[in-house]
Amino acid sequence: ADSYKDRDLLIVEDIVDTGRTMTRLNKYLDTLNARTVKVVSLLVKRTPLSCGYRPDFAGFEIPDDFVVGYALDYNDYFRDLHHICVINQAGLDYFAAPDDKFNLLSTDADGETQP
């Protein structure tokens, strides 16, 4: 923790969905006694599930849809696309993990529920 004391930190995030993950991370980062902590996110989702968290810098605000591409995946598919796009319900169903076929809501790597 001392290696961050009085340092300027920049957290780079791909997408802020509900904001719960960054809220938890910021609580931890506060314990590091950094001089400043700033967060930049490529995407910020406009969702009614938002806890109200906003990054310091955002590239684009997007609607409350499941997006893939440009390192964002759905069950390990589409991560290598060179663009970001919305995956429709047919795509969600087709590429669902076998245990997700019965549960159309999945959980991302941060433990946040995605449609």
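What follows is a walk through a predicted model of a protein chain, from overall layout to individual side chains.

The chain has 115 residues, and 32% of them count as buried. Its secondary structure comes to two helices and seven strands, which run along the sequence in the order β-α-β-β-β-β-α-β-β. Taking contacts between residues at least 6 apart in sequence, 43% join residues at least 24 apart. On the outside, the chain exposes about 7,600 Å², with carbon and sulfur atoms supplying 54% of that area.

Confidence is worth a look before going into detail. The mean pLDDT for the chain is 90, and 85% of the residues score at least 70. Strand β2 comes out best, at a mean of 98, while β6 (residues 106-107) sits at the bottom with a mean of 54. Where pLDDT is low, the predicted coordinates should not be read in detail.

Helix α1 spans residues 20-30, and its buried residues are T21, M22, N26 and L29. Viewed down the helix axis, these buried residues of α1 fall within an arc of 130°, so they line one face of the helix. That set packs against two strands, β1 (8-16) and β2 (36-45). Turned away from the buried side of α1 is a face that carries the exposed residues K27 and D30.

Over in the loop between β3 (57-62) and β4 (67-68) sits F66. Despite its place in a loop, F66 is buried, with a relative accessible area of just 8%, under the 20% cut-off for that label. F66 also pairs up in space with V86: the two are 20 residues apart in sequence, with their C-alpha atoms 5.7 Å apart.

Then there are the charged side chains. Side chains of opposite charge can pair when their charged atoms come close. A search of the whole structure turns up six salt bridges. One of them joins D8 and R35, with 3.0 Å between the closest N and O atoms. Since D8 lies in strand β1 and R35 in the loop between α1 and β2, the pair ties together parts that are 27 residues apart in sequence. R35 itself is exposed, at 55% relative accessible area.

Another bridge links E61 with R54, at an N to O distance of 2.7 Å. Both ends are partly exposed: E61 has 39% relative accessibility and R54 has 47%. This pair doesn't stand alone, as R46, R54 and E61 are linked in a network of salt bridges. R79 and D76 make a further bridge, with N and O 3.4 Å apart. Here R79 is partly exposed at 40%, whereas D76 counts as exposed at 63%.

The surface has a nonpolar side to it as well. L42, F60, Y70 and I84 form a nonpolar patch there, and together they offer about 400 Å² of accessible area. Within this patch, I84 belongs to the loop between β4 and β5 (85-86). With a relative accessibility of 34%, I84 counts as partly exposed, which puts this residue over the 30% needed to be part of a patch.

Conventions: Residues are numbered from 1 along each chain as its sequence is written. This is a predicted model: local features need pLDDT of at least 70, side-chain atom pairs count only at pLDDT 80 or more; totals for chains, interfaces and linings use all residues. Side-chain values use heavy atoms; hydrogens and water are left out. Buried means under 20% relative accessible area, exposed over 50%, partly exposed in between (1.4 Å probe, protein chains only). Helices (H or I, at least four residues) and strands (E, at least two) are DSSP runs, numbered from the N terminus. The arc is that of the directions from the helix axis to the C-beta atoms. Contact means heavy atoms within 4.5 Å. A salt bridge is a side-chain nitrogen of Lys or Arg within 4 Å of a carboxyl oxygen of Asp or Glu. Patches are made of residues with over 30% relative accessible area and no salt bridge: like charges are joined within 9 Å, nonpolar side chains (Val, Leu, Ile, Met, Phe, Trp, Tyr) within 5 Å. Accessible areas come from the Shrake-Rupley method with a 1.4 Å probe; for residues, only the protein chains shown count as cover. pLDDT is the predictor's confidence in each residue, from 0 to 100.
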